[in-house]
Amino acid sequence: MTDMLAIADNDDLALQTVRVDLGARSYDIVIGRNVLDQAGTRIVNLKPGARAAIITDETVGKLHLDRFRQILTDAGVETTALTVPAGEASKRFEMFERLCDDVLAARMERGDIVLALGGGVVGDLSGFVAASVRRGMSFIQVPTTLLAQVDSSVGGKTGINSRHGKNLIGAFYQPDLVLCDTAILDTLPLRDFRAGYAEVAKYGLLGDAEFFAWLEDNWQAIFAGGPERDEAVARSCQAKADVVAEDEQEAGRRALLNLGHTFGHALESAVSYETERLVHGEGVAIGMMLAHEFSHQLDLLPKEDVTRVERHLLDVGLPTRIQDIPGQLPPAETLMDIIAQDKKVSRGNLTFILTRGIGQAFVEKGVDPSLVRDFLSEKLAQ
Ligand code: NAD
């Protein structure tokens, strides 16, 4: 047995651990305010003697890199830092190639660690680097956006964009550890916090009515950074971990996590991913509203539930209508073309996540495209 360093037992640190159960590839997500203070000790215990290539973006780097490196150095972890520009454009081949070369140039071995310090962009890109260099290095995620903490760092999807579309090149590659420091979200701009919150609300809406009701009562404390924030992150990670453990490669149930995403992705694509107009979580919020309204139109869902979802999204300041997106949008036919190209389409059938009530989403294969087109035309005309 290796010598384990004692992890400081600090009363100020109330931590929660979510285990992602994937057999030999299982790992822990440790959540709490200032859990980063323990990062060095935890890494030494997990990978004794390993060095770490920290990949971050310029914004997160300026705010958090020095302190983070110091924490690792203090625990005896040797680090090298690699920085990419902030934003989605970094999820591309050239950046991937540069990072792979830089990790090799730093003489990192297979047992050394690629460590992602950043949002979903850094996490997806770094994970793909970790999966590829030397056919798979150790990978640790320190997600710094709410979206990354509750969604992109859980489940092992990594990758980059291609000129043919988003996230089309990549690998399923699970990390060895995820550290979610909820205090690091204090520096996140409100718009990004809200966007991540759309994914938190999604977990309630897709399968946990009690969690959604709890969010309705506690969202202000979550935004303010109270212990409720830790609770919301932990419950979201647990919800995603449960689905991923059942269906790692998205053969079935994992598709539920796409609630609101088919419409949301189409809207993101329709604005050419211009984040001034729409960020991913805002697309998801509008998409979730559309999924609920469409379910109501199909007589699956009572109107009161549609109203309740809208009220909550509006309360937290998220957009709920296509008209909330600034500027012109293409007609329904174009949105349908985008939806048809979506990777969730199999053999011409549209797969949608519909719902029978709050917390009662289900996967519906073979939705009639003409119903969706008419619904979208109606929504665009409102
Ligand atoms: P992001 O990584 O671009 O971060 C958003 C912005 O916040 C960036 O400008 C970043 O520099 C800044 N930022 C990050 N942390 C900060 C902090 N603590 N303080 C201040 N600023 C901070 O975007 P995101 O929303 O985190 O992630 C979006 C990406 O995640 C997309 O590329 C999407 O495809 C991907 N994604 C992946 C999965 C998956 O399962 N792998 C799931 C959902 C989304």
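Rings of Phe, Tyr and Trp (its six-membered ring) pair if their centres lie within 6.5 Å; planes under 30 degrees apart count as stacked, over 60 as edge-to-face and the rest as tilted. The model is predicted, so local features need pLDDT of at least 70 and side-chain atom pairs pLDDT 80 or more, whereas totals for chains, interfaces and linings use all residues. Residues are numbered from 1 along each chain as its sequence is written, and side-chain values use heavy atoms, without hydrogens and water.

**Exercise 1.** State which residues form one aromatic cluster with Phe193, and classify the pair of Phe263 and Phe294.

*Solution.*
1. Phe193 forms one aromatic cluster with Tyr197, Trp219 and Phe223.
2. The structure holds ten aromatic pairs.
3. In one pair, the ring centres of Phe263 and Phe294 are 6.5 Å apart and the planes stand at 90°, so the pair is edge-to-face.
4. This pair links distant parts of the chain, with Phe263 in helix 9 (residues 261–270) and Phe294 in helix 10 (residues 280–297), 31 residues apart. Helices (H or I, at least four residues) and strands (E, at least two) are DSSP runs, numbered from the N terminus.
5. Both Phe263 and Phe294 are buried, that is, under 20% relative accessible area, where exposed is over 50% and partly exposed lies in between (1.4 Å probe, protein chains only).

**Exercise 2.** Identify the rings over which Lys202 and Arg356 lie.

*Solution.*
1. The criterion is NZ of Lys or CZ of Arg within 6 Å of the ring centre and within 35 degrees of the ring normal.
2. Lys202 lies over the face of Tyr203, 5.1 Å from the ring centre.
3. Arg356 lies over the face of Phe362, 3.9 Å from the ring centre.
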